[in-house]
Amino acid sequence: MNQSRDHWSSNAGLVLAATGSAIGLGNLWKFPFITWENQGGAFVLVYLICIAAVGLPIMLAELLIGRRSQKSAVGALTEAMRGTRFGGLVGGWGVVAGFILLSYYTVIAGWSLYYFWQTIGWAFTGFPPGLSAGDLFNEQVGNAGLQLMLSLGFSLGTIAVVYFGVSRGIERIARIFLPILFGILVLMLISALGMSGSGEALGFIFRPNFGELPREGILEALGHSFFTLSLGMGAMVTYGSYISRKQSIVKAGGAIVALDTIIALLATVIMFSVIFSVAGMREEVGGSTVGMLFISLPELFFTEVPFGNILGPLFYVLVALAALTSTISLLEVVSAYVIDEHGISRQKATVGAGAAIFVFTIFAALSFTGTPFLSTMEIFADKAGWFSTADHFVSNWMLPTGGFAITIAAGWMMTRRATREELLDGNEPRWFNYGVWRFFIRWLAPVAVASIIIAVILGTDFS
Ligand code: TRP
């Protein structure tokens, strides 16, 4: 074990940093719109079951693989898979997934900066009458110079945090930003619950009606439970490698999963309360669910939401902070690999990896600007442009296969003694039962994840 390895300064530090990784665009942007598309209640219930039955066991598996080896993704999985070549491949697959995911995630993260800027302006002038929010959105994604600036800004912010390392960079930022993020959400919740549509929103989200759940909804819930918890690509393995022996993996993993789930539900309650309060909004959102966050909501803040002048800009700060704590963990996966496996200093590794990834961010940023090839290439059917191609590949192929390999590593290849020692580390909470975990990670989780992979092979699209 490397004595000089940086560690989280406390359990709270790890929980906040990993929760920051988990909470991101998946919670604020994707979960609300897939909940909408899948008719609410029953989908939400299935999602909660997937989080508890598949997400939590894999979360614990990733953290324990990381802590056991005290190495980042490649080294840790090599050890977990008993030194076989295959372990290195699985870890490397995760590093590549992190690389690609970060390249396009940064672009959407950049949009939050744009909307922050716009909403600050509207806070003073009011929403410009006659402005079409849809046109505004299309204009900004189509503006190549603007897109490059926004994503460059976001990349630089990400690199700056990772540059300072685990306790002085990532943990410090998470300690400051996550409380702010919770605070903003609570303010928004209070405002949204006061709106006329809140009762209907709560019913839509929490009253299950299984007749309305589309069949693919079950798999979509499962796939999303993976994405939202940052699983399947070694991010939690990497964060786990900075956990000291004094901390409880089960407590930390349980808290991360619970917080991520609560935030996703809160975001959905807030957004739907606003949308259901406005006549005709349902139909409009139904026309472009993906546009909920950047097309429907900005205008509503200034026309409908109580204290929207203040909450509007704050909301996009929230999106930006949530995205940043996710992008730093993505960059950390790649940087930590370079640092551990190639013996390069953190500073050099971070700047180098960040710059290399940014080259692909450029491709993603230009995916909507009509740039020849980058906007039009089609490797997968109906996925035009680099952005959609990358998203399709990562969400459908890389995360599920990576997740499957992790269940095999923790459930079948590591010894019972090793996983037991990590989970029953003397600090574990009372409710935890090792045997139940072991059954889930050996049987239920691999079968569930395999069913996603089979569905993808048969043509389902999760991106
Ligand atoms: N969980 C993040 C979100 O919900 C996205 C994500 C997926 C991620 N895999 C990751 C973030 C790995 C960091 C690391 O937005």
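Which loop holds Gln39? The exercises below start from this point.

Residues are numbered from 1 along each chain as its sequence is written, and the model is a predicted one, in which local features need pLDDT of at least 70, side-chain atom pairs count only at pLDDT 80 or more, and totals for chains, interfaces and linings use all residues. Side-chain values use heavy atoms, with hydrogens and water left out.

**Exercise 1. Place Gln39 and Ser230, and describe their phi angles and exposure.**

Step 1. Gln39 lies in the loop between α2 and α3 (41-69). Helices here are DSSP runs of H or I with at least four residues, numbered from the N terminus.

Step 2. The phi angle of Gln39 is near 70°, a positive value in a residue other than glycine.

Step 3. Gln39 has 36% relative accessibility and so counts as partly exposed. The classes are buried for under 20% relative accessible area, exposed for over 50%, and partly exposed in between, with a 1.4 Å probe and protein chains only.

Step 4. Ser230 sits in the loop between α10 and α11 (235-240). Its phi is near 60°, again positive in a residue other than glycine.

Step 5. Ser230 counts as buried because its relative accessibility is 12%.

**Exercise 2. Describe the surroundings of the ligand.**

Step 1. Find the shell. There are 16 residues around the ligand, and Ala22, Gly26, Tyr105, Phe227 and Ser329 come nearest. A residue is near a molecule if one of its heavy atoms lies within 4 Å of it.

Step 2. Sort the shell by type. Eight of its residues are nonpolar, eight are polar and none is charged. In this scheme Ala, Val, Leu, Ile, Met, Phe, Trp, Tyr, Cys and Pro are nonpolar, Asp, Glu, Lys and Arg are charged, and the others, Gly among them, are polar.

Step 3. Assign the shell to helices. At least two shell residues come from each of α1 (11-22), α2 (25-37), α5 (85-125), α10 (216-228) and α15 (308-342).

Step 4. List the polar contacts (pairs of N or O atoms within 3.5 Å; within protein, one must be able to donate a hydrogen and the other to accept it, and residues adjacent in sequence count only if both atoms are side-chain atoms). A nitrogen atom of the ligand is 2.8 Å from a polar backbone atom of Phe227. For Thr228, a polar backbone atom is 3.1 Å from a nitrogen atom of the ligand. On the side-chain side, an N or O atom of Asn27 is 3.4 Å from an oxygen atom of the ligand.

Step 5. Check the cover. The ligand taken alone exposes 360 Å², and the protein buries 100% of that. Such areas come from the Shrake-Rupley method with a 1.4 Å probe; for residues, only the protein chains shown count as cover.

**Exercise 3. Characterise the largest nonpolar core and the contacts of Ile65.**

Step 1. The largest nonpolar core has 164 residues. A core of this kind is a set of buried Ala, Val, Leu, Ile, Met, Phe, Trp, Tyr and Cys residues joined through side-chain atoms within 4.5 Å.

Step 2. Ile65, Phe315 and Trp437 have the most contacts inside the core. The helix giving the most to this core is α3, with 17 residues.

Step 3. Apart from neighbours within four places in sequence, the contacts (heavy atoms within 4.5 Å) of Ile65 include Ala76, Leu77, Val237, Ile406 and Met414.

**Exercise 4. Follow two serines, Ser191 and Ser277, to their partners.**

Step 1. Ser191 is part of helix α8 (residues 166-193). With 8% relative accessibility, Ser191 counts as buried.

Step 2. The side chain of Ser191 reaches the backbone oxygen of Pro306 at 3.0 Å. Not counting residues up to four places away in sequence, Ser191 touches Val305, Pro306 and Leu311.

Step 3. Ser277 belongs to helix α12 (residues 249-277). At 18% relative accessibility, Ser277 is also classed as buried.

Step 4. The side chain of Ser277 reaches the backbone nitrogen of Gly197 at 2.7 Å. A polar atom of that side chain also lies 3.5 Å from the backbone nitrogen of Ser196.

Step 5. Beyond residues up to four places away in sequence, Ser277 touches Met195, Ser196, Gly197 and Ser198.

**Exercise 5. Find what Ile100 touches.**

Step 1. Ile100 is in helix α5 and counts as buried, at 14% relative accessibility.

Step 2. Leaving aside neighbours within four places in sequence, Ile100 is in contact with Ala390, Phe393, Val394 and Met398.

Step 3. Ile100 and Thr361 are 261 residues apart along the chain, and their C-alpha atoms are separated by 8.7 Å.
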